[in-house]
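This report goes through one structure, from its overall make-up to individual residues. The sequence and the coordinates come next, and the sections that follow are meant to be read beside them.

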Amino acid sequence: MFQGAVRDFAASEVRPRVQAMEQAAQLDPTLIPKFFELGLMGIEIPEAHGGAGGSLFMTVLAVEELSAVDASAAIFVDVQNTLVNALLLKWASDDIKNRYLPRLATEVAGAYALSEAGSGSDAFGLATKATKQGDTWILDGRKLWITNGAEAGLFVIFTTTDFAKGYKGITAFAVERGFKGFSVGKKEDKLGIRASSTTELILDHCEVPAANLIGEVGNGYKVAIETLKACNFSWRRRRPSSRRLGSWSTTPPGSRTRASRIQKKRRWRSS
Ligand SMILES: Cc1cc2nc3c(=O)[nH]c(=O)nc-3n(C[C@H](O)[C@H](O)[C@H](O)COP(=O)(O)OP(=O)(O)OC[C@H]3O[C@@H](n4cnc5c(N)ncnc54)[C@H](O)[C@@H]3O)c2cc1C
């Protein structure tokens, strides 16, 4: 039923917009609220937080159905569910969950910001710095190639609080678009999946309340990598195609077991 609803939605609401969105290089702003209305932006968020209370398997089905029609729409929903909501559900304090999950389920898009100009494949060579000043963290640096950057209202930002500690100095924060010192920079003009925004983020003495630290100081590398491992799709290697999940050849290390479990479940479902 859920899969059928997403398939119908993709056919009736997404498909007619695909060509114009690809040409405009942006998601149709009238389409975005419809993702929320159908519950696609908070699939695994518990009902108590305003979400659909669903499962990872449902997220896979939704992303698969959207991918068959438009990769950009699929990525918008995928990043929200697997990289932002899942991360907050697993690692954030109850206070952060109470403040942000209801909004992520109903009106606010999210983004996951790890990459920088000098740290792509070497994901933990971050130069973005976080310095504590009383009850506030001051963030300075730039993030690059951030999916959903143009639409997002909430950003999970990975920083370094102590360069001497290497990857053990990495720390994650929940940063609102409106925080002082935060801005969205250049948007990439891509050759494919053009309607999915890929942007720069600028942190210029950005002020983040201490309560917005996700997890603990120094465990950001765990937050980052475990989220990526749990995510079923490798956005690092995602191709602008509508291939079905079963034929995707690249998954992040560690997600293969989970992917094969999902495949088994799919086979069981269709038998
Ligand atoms: C469309 C798009 C969306 C993205 N969305 C996000 C997002 O939402 N959030 C985010 O944080 N990031 C995002 N990224 C960034 C993405 O994760 C990085 O582009 C990726 O990690 C690769 O980094 P890089 O581009 O710096 O390539 P590089 O690290 O420069 O690598 C270039 C090539 O060299 C190879 N290479 C690198 N190191 C080695 C090595 N030691 N030995 C052998 N080969 C090596 C790589 O495999 C690759 O083929 C996005 C990128 C794109 C293109």
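## Overall make-up

The model discussed here is a predicted one. The protein is built from 8 helices and 8 strands, and of its 271 residues, 41% are buried. When contacts are restricted to residues at least 6 apart in sequence, 70% of them join residues at least 24 apart.

## The shell around the ligand

The ligand is surrounded by 12 residues, and the closest of these are Leu114, Ser115, Gly120, Ser121 and Thr147. Sorted by class, the shell holds 6 nonpolar, 5 polar and 1 charged residues.

Two strands, β1 (110-113) and β3 (136-147), each contribute at least two residues to this shell. The largest share comes from β3, which supplies 3 residues.

## Helix α1 and its two sides

Helix α1 covers residues 2-14, and its buried residues are Val6, Phe9, Ala10 and Val14. Viewed down the helix axis, these buried residues of α1 fall within an arc of 100°, and they therefore line one face of the helix. The face of α1 that is turned away from this buried side carries Gly4, Asp8 and Ser12, which are exposed.

The partners of the buried side can also be named, since the buried residues of α1 pack against α2 (18-24), α4 (56-67) and α5 (71-91).

## Helix α4

One of those partners, α4, is mostly covered, with 9 of its 12 residues buried. The buried residues of α4 are Thr59, Val60, Leu61, Ala62, Val63, Glu64, Glu65, Leu66 and Ser67.

How far apart are the end C-alpha atoms of α4, and what span should its 12 residues have? At 1.5 Å a residue the helix should span 16 Å, and because its end C-alpha atoms are 16 Å apart, the two values agree.

## The nonpolar core

In soluble globular proteins, nonpolar side chains tend to be buried together. In this model the largest nonpolar core has 71 residues, and those with the most contacts inside it are Leu66, Val77, Ala113, Val156 and Phe173. The helix that gives the most to this core is α5, with 13 residues.

Leu66, which is among the buried residues of α4, touches Val6, Ala10, Val14, Ala73, Ala74 and Val77 when residues up to four places away in sequence are not counted. Of these, Val6, Ala10 and Val14 are buried residues of α1.

## Two loop residues

Is Gly134, in the loop between β2 (129-133) and β3, buried or exposed? Gly134 has 6 C-beta neighbours inside 10 Å, and since a residue with 12 or fewer is classed as exposed, Gly134 therefore counts as exposed. Its C-alpha atom lies 8.4 Å from that of Ala210, although Gly134 and Ala210 are 76 residues apart in sequence.

Ser197 also has its place in a loop, between β6 (182-187) and β7 (198-209). With 25 C-beta neighbours inside 10 Å, Ser197 counts as buried, because the cut-off for that class is 20 or more. Leaving aside neighbours within four places in sequence, Ser197 is in contact with Gln26, Asn148, Gly149, Ala150, Glu151 and Lys187. The C-alpha atoms of Ser197 and Phe76 are separated by 8.7 Å, while the two residues are 121 residues apart along the chain.

Conventions
Residues numbered from 1 in each chain as written. Predicted model: local features only at pLDDT ≥ 70, side-chain atom pairs only at ≥ 80, totals over all residues. Near = placed C-beta within 6 Å. Helix = DSSP H or I, 4+ residues; strand = E, 2+ residues; numbered from the N terminus. Nonpolar A, V, L, I, M, F, W, Y, C, P; charged D, E, K, R; others polar. Arc of directions from axis to C-beta. Contact = placed C-beta atoms within 7 Å. Expected span 1.5 Å × (residues − 1). Core = buried A, V, L, I, M, F, W, Y, C linked by C-beta atoms within 7 Å.
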